[in-house]
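User: I've just opened this one and would like to talk it through with you. Could we start with the charged pairs and work outwards from there?

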Amino acid sequence: MTAWQRLRADRVAMASLAVVAAFLLMVVLSAAGLVAADWEDEAGVSYAPPAFLGADTAETPAAAARQRALPDNPFDPLAADIRELRTQLAARGPAADSARRATLPFGADKWGHDVIKKTIKGGQTSIVVGLVAAALAVGLGSLFGALSGYCGGVVDDVFNWFYSVFTAIPSVLMILAVAAVLQQKGVLTIVLILGLTGWTGPYRLIRAEYLKHKTREYVLAADAIGASHWRRMFRHIFPNVSHVALVQLSILVVGFIKAEVILSFLGFGVPVGTVSWGSMLNEAQNELLLGRWWQLAAAASAMAVLVTAFSLFTDALRDALDPRVKS
């Protein structure tokens, strides 16, 4: 109750909580098919600009029709293929072209997909990857750190050996090695890759906290009244070090969303047919050379807002849960 009162008194924390809740609600609605379910529909022409910029006359249906009416270049080796493509496009009729809008609220990508709907659907994938992978990494790191710091001895030596092995290899190479071993694309694969390689940071900090807390008076008093080792580890000590896990959760969510971008760029990310903020940024690097900046702006802005709000809320929650911080 005291922690909640501290949190409510922080206006920045409550505003950040509202933003994070809005993103999570967006993920739930997107997963349920209530919003952005038709993101793959060709709502606009290729690279349709945002409505506030106006239509690009080079990409309108009328301009496309004039382009198809042009005679073939006799010196073009692809003239036959282009003529066949023009015939197929003409067979679709004028209604198909007129159904594709020349502008969209925030533009379209190469295939005419609405960028806003694509950003919402991509947020579903990236947020799920970031949250679930971070929760897995922090859960493993907290469990290993608690066992290592509290038990000591051989248990501590074994976990320290695993920690040394994982940290001796650069994180990017470790991620790519696990991805190469799994040899399978998908959201679950990305979560496993990031979760199984990201536990070392939380482990190191949680282990240090347990080494410090296990000899304190309240733990010794719990031992004197007959509390079990498991109860002392997770009922007495962990609430006093949970703020460390929360901070690591915030850091890893941010890092794992960025890591998903790297994996998608290198071909180990989401499969074809699945969109994420990482795949959007991967596509946007080529679009930016053509002056089509709206997909990059949409994905980057959504990531920036979520990451900032999540970090601010987690910092406030850490201060509210830390018994050493006074209001």
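Analyst: Sure, and keep in mind that this is a predicted model. A good place to begin is R207, which makes a salt bridge with D156. R207 belongs to helix α10 and D156 to helix α7, with the two positions 51 residues apart. The closest N and O atoms of the R207 and D156 pair sit 2.8 Å apart.

User: Is D156 buried or exposed in that pair?

Analyst: The cut-off for buried is under 20% relative accessible area. D156 has 10% relative accessibility, so D156 counts as buried.

User: How many salt bridges are there by this rule?

Analyst: Side chains of opposite charge can pair when their charged atoms come close. R207 with D156 is one such pair here, and E283 with K118 is another. By this rule the salt bridges come to six.

User: Which residues are linked in a network of salt bridges?

Analyst: Start from E283 and K118, whose closest N and O atoms are 2.7 Å apart. That pair ties helix α13 to helix α6 across 165 residues. Add one acidic partner and you have the network: D109, K118 and E283.

User: Of E283 and K118, which one counts as buried?

Analyst: Buried needs under 20% relative accessible area. E283 is at 31%, so it counts as partly exposed. At 2%, the one that counts as buried is K118.

User: Which residue does D38 form a salt bridge with?

Analyst: D38 is in the loop between α2 and α3, and its partner is in helix α6, 79 residues apart. D38 is partly exposed, with a relative accessible area of 33%. The partner is partly exposed too, at 29%. With closest N and O atoms 3.1 Å apart, that partner is K117.

User: That loop between α2 and α3 caught my eye. What is the phi of A36 near?

Analyst: Most residues other than glycine have a negative phi. A36, in the loop between α2 and α3, goes the other way with a positive value. Since its relative accessibility is 9%, A36 counts as buried. Its phi is near 55 degrees.

User: And where is Y47 found?

Analyst: Y47 also has a positive phi, near 55 degrees. It is buried, because its relative accessible area is 13% and the cut-off is under 20%. Y47 is found in the loop between α2 and α3.

User: Let's zoom out. How many helices and strands does the chain have?

Analyst: Reading along the sequence, you meet α after α, as in α-α-α-α-α-α-α-α-α-α-α-α-α-α. That leaves the chain with 14 helices and zero strands.

User: What share of the contacts between residues at least 6 apart join residues at least 24 apart?

Analyst: The pairing of E283 in helix α13 with K118 in helix α6 gives a flavour of this, at 165 residues apart. For the chain's contacts between residues at least 6 apart in sequence, the share joining residues at least 24 apart is 76%.

User: Which element gives the most to the largest nonpolar core?

Analyst: This core has 46 residues, and F23, I127, L194, Y210, F256 and W277 touch the most other members. The elements giving two or more residues include α2, α6, α10, α13 and α14. With 12 residues, the biggest giver is α12.

User: Which residues does W277 contact, leaving aside neighbours within four places in sequence?

Analyst: W277 is among the core members that touch the most others. Two of those members, F23 and I127, are in its contacts. The full set is F23, T119, G122, G123, S126, I127, I257, E260, A299, A302, M303 and L306.

User: T314 is in helix α14. Which residues does T314 touch, not counting those up to four places away in sequence?

Analyst: T314 has 5% relative accessibility, so it counts as buried. Its contacts beyond those sequence neighbours are L246, V247 and S250.

User: Last one, on the outside: which residues form the nonpolar surface patch?

Analyst: The chain exposes about 17200 Å², with carbon and sulfur atoms supplying 66% of it. One patch member, F162, lies in helix α7. At 38% relative accessible area, F162 is partly exposed, which means it clears the over 30% cut-off for patches. Together covering about 480 Å² of accessible area, the patch residues are V154, V158, W161, F162 and V165.

Definitions and conventions. Residues numbered from 1 in each chain as written. Predicted model: local features only at pLDDT ≥ 70, side-chain atom pairs only at ≥ 80, totals over all residues. Heavy atoms only, no water. Helix = DSSP H or I, 4+ residues; strand = E, 2+ residues; numbered from the N terminus. Contact = heavy atoms within 4.5 Å. Areas by Shrake-Rupley, 256 points an atom, 1.4 Å probe, with all protein chains shown as cover. Patch = residues over 30% accessible without salt bridge, like charges linked within 9 Å, V, L, I, M, F, W, Y side chains within 5 Å. Salt bridge = Lys/Arg side-chain N within 4 Å of Asp/Glu carboxyl O. Buried < 20%, exposed > 50% of the residue type's maximum accessible area, 1.4 Å probe, protein only. Core = buried A, V, L, I, M, F, W, Y, C linked by side-chain atoms within 4.5 Å.
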